[in-house]
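Thank you all for coming. I would like to walk you through a structure that may be new to most of you, going from its chains to its domains and then to one sheet.

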Number of protein chains: 4
Amino acid sequence: MTGAVILRDPVHGLISFEGEVEGVVEQLMNTREVQRLRRIRALGHASLAFPGAEHSRFAHAVGSAHVMKRYLDRVRRLASDIPASDRIDDDMARVALAAALLHDVGHGPFSHTFEVVLPEARAHEEWSSSILLDPDTEVHQVLRGLDPRVPELVEGLVHGRSPIPHLARAVSGTFDVDRCDYLLRDSYMTGVRYGLLDLDWLLAALRLYLPPGGKAATLAVDGEKGLTAVEGFFLNRLYMYRQVYLHKAVRAADAVSRALFSRLRHLDPQPGTPPALESLLRGQTVSTGSFLELDDASLHAAIRSWADGSDPILCDLATRLRDRRLFKTMRLRPDVSPEHARARLHQVLRDAGWEPEYAGGVDRVKIDAYLEDEALMVLGSRGTLQRLLDASPVMHGLSQESFVHYRALFPGELRQTVAAALEDLR
Amino acid sequence: MTGAVILRDPVHGLISFEGEVEGVVEQLMNTREVQRLRRIRALGHASLAFPGAEHSRFAHAVGSAHVMKRYLDRVRRLASDIPASDRIDDDMARVALAAALLHDVGHGPFSHTFEVVLPEARAHEEWSSSILLDPDTEVHQVLRGLDPRVPELVEGLVHGRSPIPHLARAVSGTFDVDRCDYLLRDSYMTGVRYGLLDLDWLLAALRLYLPPGGKAATLAVDGEKGLTAVEGFFLNRLYMYRQVYLHKAVRAADAVSRALFSRLRHLDPQPGTPPALESLLRGQTVSTGSFLELDDASLHAAIRSWADGSDPILCDLATRLRDRRLFKTMRLRPDVSPEHARARLHQVLRDAGWEPEYAGGVDRVKIDAYLEDEALMVLGSRGTLQRLLDASPVMHGLSQESFVHYRALFPGELRQTVAAALEDLR
Amino acid sequence: MTGAVILRDPVHGLISFEGEVEGVVEQLMNTREVQRLRRIRALGHASLAFPGAEHSRFAHAVGSAHVMKRYLDRVRRLASDIPASDRIDDDMARVALAAALLHDVGHGPFSHTFEVVLPEARAHEEWSSSILLDPDTEVHQVLRGLDPRVPELVEGLVHGRSPIPHLARAVSGTFDVDRCDYLLRDSYMTGVRYGLLDLDWLLAALRLYLPPGGKAATLAVDGEKGLTAVEGFFLNRLYMYRQVYLHKAVRAADAVSRALFSRLRHLDPQPGTPPALESLLRGQTVSTGSFLELDDASLHAAIRSWADGSDPILCDLATRLRDRRLFKTMRLRPDVSPEHARARLHQVLRDAGWEPEYAGGVDRVKIDAYLEDEALMVLGSRGTLQRLLDASPVMHGLSQESFVHYRALFPGELRQTVAAALEDLR
Amino acid sequence: MTGAVILRDPVHGLISFEGEVEGVVEQLMNTREVQRLRRIRALGHASLAFPGAEHSRFAHAVGSAHVMKRYLDRVRRLASDIPASDRIDDDMARVALAAALLHDVGHGPFSHTFEVVLPEARAHEEWSSSILLDPDTEVHQVLRGLDPRVPELVEGLVHGRSPIPHLARAVSGTFDVDRCDYLLRDSYMTGVRYGLLDLDWLLAALRLYLPPGGKAATLAVDGEKGLTAVEGFFLNRLYMYRQVYLHKAVRAADAVSRALFSRLRHLDPQPGTPPALESLLRGQTVSTGSFLELDDASLHAAIRSWADGSDPILCDLATRLRDRRLFKTMRLRPDVSPEHARARLHQVLRDAGWEPEYAGGVDRVKIDAYLEDEALMVLGSRGTLQRLLDASPVMHGLSQESFVHYRALFPGELRQTVAAALEDLR
């Protein structure tokens, strides 16, 4: 019982890591790089629309490790169905738990927002790799302390590479532990539709299917018991996109951020800009240690400085972010071409004396309820495999629809002007 | 229906402010000073022990306004029981909603932590007054826009002064809307014992009692229907103190912060210290505008700077906070005098080469389940009034006990040394 | 506050009926006919598949009255949007609450099961009318005590007739208070997907839309705020059918019951059969008072008697119901014609020595996620009305699919025989 | 995976019994004697006060087996702390699961009510023994099919006898699986204070403590992690007694039942009385098979017959039960002696023309929050054992109080008469 971590969690209830194997989670939780995740909100700007959604990457990382623990329990129960090479021994269990905890350790400030507004910079996945492999990080040192090969194994697994295919998919696939935790956590914290994703039932419905003559088991879902749970997962994902991730205030805040970073690039270095961010803006190389200095707090502090700066455009954008004076939005008709809408909007903005690049834009996103290449298989009661779209009319029906979010974004001051000028596009 | 705000909230479900009277809430939510509360965590260091507890003052402020809305609904239902002077008209309802939203607008970084570690500075209540009354704040301008007397009325109500006594208690009393929201929210977010405080039932059990010959109604609780709800409230409060607010990691983090601020005061101004904080540390006057620059983000940024600073003690303390290397704790026997324990601990610390002022201390807190001067009255089925302690054996039993949290705090490196040296005090 | 009823309810939390208008609910709850509903399970045989689903018609009736109370609150908030003739005064509010509580007062034993197995008997709606209008019932006497016209008004409203069209739909339409309560309650009690139907949000999204030049307002849903809530309602309904109402064990128990009643009709009157049931089986007229003697308890007692009776077929069927030895089920391919499947199954049953009429059958049910004639309208942000299928891609996608449950039913003893004989139909 | 039972449960979420050992649960669930529990409500008359509380003994039995499964998991995790003789092998696990499922198989109609009103009859525990040991029951046959000694082992364990002391306490002790399920289930279904009993945390806090030199481990609770969970358990128990089990309507319904059975005994056998009940009333021996004919349905059917009978007192009492016309209650002052109160009440009843034996009475019940002989031990962080009352100020405070429910019961028609006549006793 030594070294047991027991935590209360609003989403999962009780989270515990007990015993020698699970002990790796506590060791990693105590590293500086994982503690940094406490200062990065998981949902970026979504708390501007959902005040409850203020949870950090840290809570999500711990939750992901908990889901992995439950996955490992499930695989143990299914052990008799699969070849020995698909079972997970203690060493591999440590790697799996570490990968679940660390999969997002490379996130920058405001989570995905940061990548969205700095599209040409390295993705968080690459930073995760750097942090795992850099001998100077505490995370690396803990992993290496287990075995010199562990950092590479964890890094590989984070990116979906593993000698055990079903484990690779459990870290980086449709139903991975990351997504299971964040869909649950984001639903719960935003107050939106909790209850759709039923983790207990989803785990109980998981099967490891060994195709005739196959060497490795593949994840499948029991069609008798689990179709509802699987549909619930995809419905939850669809609704989180529609209601939260693509909420108009979230997209508007992202657009303000993008304009702000664009402006910064056009200006000389501004007081208050963190050095690592300055380098990223200029396309210069940034060391792992320097990157790790960036978190929500450092960005908020910079925003405050920029709001007091001398460039009026930068000042306007920073103030918008600080005080939640976001761009306003107006829905556009699906048949209007984005190029046309953008041209018209830019003209309105220019006529009103704004530089279009820093004053909004046209935002069109299309999401799908299910993509065929997610390739989820359903195991029938008589041992037959079906594609999800064949087994589930709900998924079939939803997959025929496209969900489009299409809006013009502009400063609130221009609401009436834009509404009048774009009347025929609404 | 114009101007309706509808929000999802993990704690209350749906929060809405509709119509002309409730519109004041939306106006105030959009001010810069209220938006600042998004950058201050409600529970300060508690998320170090409860990873879910990362909610901000903003979410709590909105929740408090929601509870006030429900209180006003309840008073309306009870209108026939009370004199006209105790009823709440539209103007007073606006004041009440504003006071509920703004009661904590003066909080500094890390909420209460900030006051705990800067005990001689102004309390957040005073800052709230300044913000409400300062003609330069947006909050003041919104309130004055309603009526020139409104800022003073709201400021008074925030401090428990009102021509309507029951309303004063609803903003600043045992069962006030602030406490109802934070007990619920903190329970929910920490994952601790939600369900004890039953707001629906508590409101349904509220009575406004007009004593024979009295002029103003006083809050009371229906003894037949509501005793359980009242006990649940106090049990919830007791448990939140025992499990969360006085959790050893929270107290240890507070102690580290206190040591850090103490060190800052002994040193010359350090790079990265926000100007307003520097003035507060030196006991100098700080303007409202300058105070409002302080939030969690600015403090986190400062901690990062101090961690890179040249003073080894400051550096150690800042690193502890940043990376959650808190002091460790050891329980002390209740009969040991704190002076004695402190002397013994300091000796150990000095012998080990630490400056005791910056390396821990002795922490003793005593809490009560109920204080007689909370003066809660229970209304019997036959119109008689009883003191809560006479009406409720649960509260009577708990009020006889004292709940003491008594610990030594010290750097983790010295765990064995301290354990051995203070063996006879455990 | 006199006469307030305050109840705890697992589904709605706190249910209260306070004041003079709502007092009608308590009066009606105390009648013999409403108390009888305590002895009729709302979900009939579903508790055979979902052990938690043992709630009675009584709990559901009280819950429906609670939803009506909330609907009346909502209409009051919308009063300024609608003509005076659409508002609901105190007298009409009493009628509405009574109709909500009493809408199902005519249910027989095992709720819908009873009608399913006695298809030619009067439907429960007709029995509700009889009970409301029969001067000998306590329900009638309470209603007449309010005003002599009230029994007819309530009876009309129960069947969707009212001078206020939106109220008629709220009692008998797609979103009626009956369905809102039972979908929530059945979800909660079965443990299936609670959280899809969000009553708070659905009510907040309700609008009363007065078409240009129209005289009466019609129910609509705010497309901006409410589309998600509406989709949640239909998803919940779809899932309850798929998972609960059409669960294979529920259908199998219905089939056993049907066979049992069919057998009773072929036999002379059997000991233990309640007189009212005997008359119903023989197609004879039954008085209201006699019908009210039937409830789950009287049917369970009869089943016990029949299980001890002399006819082996009746005895077999009664024992199956009593001890949950239901027919087994086997899924059939959608393209197989039911006539063919039935002929093949009957041959197997006959070959094995069973009388097909009493030994199972072929069960094929098709459900739709949404029927166009539900005619739900969605109110756009600019005052335009859309059909639900045009406004919601989720509903459009689901409406394209058909959900078919198609099974053979047979005694468990024949499982292997049937599986082999019908191999080509699976 | 063959033979897995997966159930949805409103209380525990997902309940599953998988694999060969747990398969015993499914076998037993399918017996006639366990299926009979579907027709007995767990809370007897409590649904008269809490409409949601209509769950059956069957749902509770399955829930208890689920808690036992979780207990066995916990013991497995603690295996290294205890001697081999305290570990639970597969055979013993089967016995434990069976005992949990079957512990209450001997309950009569309306659960405890039946024993309360027939105090001199055999207790349900004795009937459980008979059912387990009677070679004619299906339960016995399933158990004997495992091993001829199993029926006796299960019967012993149900009564708290086992070679493994900690297992005996887990079936029949303060924290036994029965109580854990029913406190949770009853809280949930009544809508009262769910959340106090935290089963996850309670299990995580369980320790098996082997005293120095001892041979068998004893249940204890981790004082560091588990004190709150233990207090929550006892608080939940206390509140369920105060709010539910001793609710005035429940006690009034019990009193009506008691009077009814008393009347039946004074009369000649009445039409409609089930034979087994007739024998029990006359103090005659009843066979197991005959006893098993009794359930809620048979009692409801009998009540209906008695309500139509010729004896006016019996008819009055049966009608009261059927239509919920319970006795009314009036609180009495704690210092009034029950004998005195009873004498005074009986005089009032007689004066009003009622036979006191059949018209109410005086009801006084005293409950304790904790009894010292529950002997719960708390394990300190340094391996020391403390009594619960020494470790927990909450339990100490509550244990000093006595909770007394003291009421007069009488027909509602006499409310004013009784109130006036007993004015000085209130």
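**How the chains are arranged**

Let me begin with chains A and B: a rotation of 180° with 0.0 Å of shift along its axis lays chain B on chain A with an RMSD of 0.0 Å, where the superposition is a least-squares fit on the C-alpha atoms of residues with pLDDT of at least 70 in both copies. That is the relation of a two-fold axis, and in chain B the C-alpha nearest this axis belongs to A297(B), at 2.0 Å.

Before I go further, please keep in mind that this is a predicted model, in which local features need pLDDT of at least 70 and side-chain atom pairs count only at pLDDT 80 or more, while totals for chains, interfaces and linings use all residues. Residues are numbered from 1 along each chain as its sequence is written, and chains are lettered from A and ligands numbered from 1 in the order in which they are written.

How many residues of chain B are in contact with chain A? There are 33, and they meet 33 residues of chain A, where contact means that the C-beta atoms, placed from the backbone, lie within 7 Å. Both copies use the same surface, since 100% of the contact residues of chain B recur in chain A. On chain B, the elements that each give two or more residues to this side are β1 (5–9), α2 (32–36), α3 (57–77), α10 (177–190) and α16 (296–307); helices (H or I, at least four residues) and strands (E, at least two) are DSSP runs numbered from the N terminus. The most comes from α16(B), with six residues. By class, this side of chain B has 12 nonpolar, 10 polar and 11 charged residues, with Ala, Val, Leu, Ile, Met, Phe, Trp, Tyr, Cys and Pro counted as nonpolar, Asp, Glu, Lys and Arg as charged, and the others, Gly among them, as polar.

Turning to chain D, a turn of 180° and a shift of 0.0 Å along the axis also lay it on chain A, with an RMSD of 0.0 Å, and D73(D) is the residue of chain D that comes closest to that rotation axis, at 6.0 Å for its C-alpha. Eight residues of chain D are in contact with eight of chain A, and β2 (13–17) and α11 (199–205) of chain D each supply at least two residues to that side. This side of chain D comprises four nonpolar, two polar and two charged residues.

**Inside chain A**

Chain A is divided into domain 1 (5–206), domain 2 (247–325) and domain 3 (327–426), with bounds from an automatic or database domain assignment. The C-alpha centres of domains 2 and 3 of chain A lie 26 Å apart, and 10 residues of domain 2 are in contact with 10 of domain 3. On the domain 2 side, α13 (248–266) and α17 (312–323) of chain A each give two or more residues, and α13(A) has the largest share, with eight.

Finally, chain A has an open sheet of three strands in the order β5-β9-β6, with antiparallel pairing, where two strands pair if DSSP finds at least two bridges between them. β5 (328–331) and β6 (361–367) of chain A stand at the edges with a single partner strand each, so one side of each is left without a neighbour in the sheet. Four bridges join β5(A) to β9 (residues 403–410) of chain A, and M330(A) stands opposite A408(A) in β9(A).

How values were computed: Contact = placed C-beta atoms within 7 Å.
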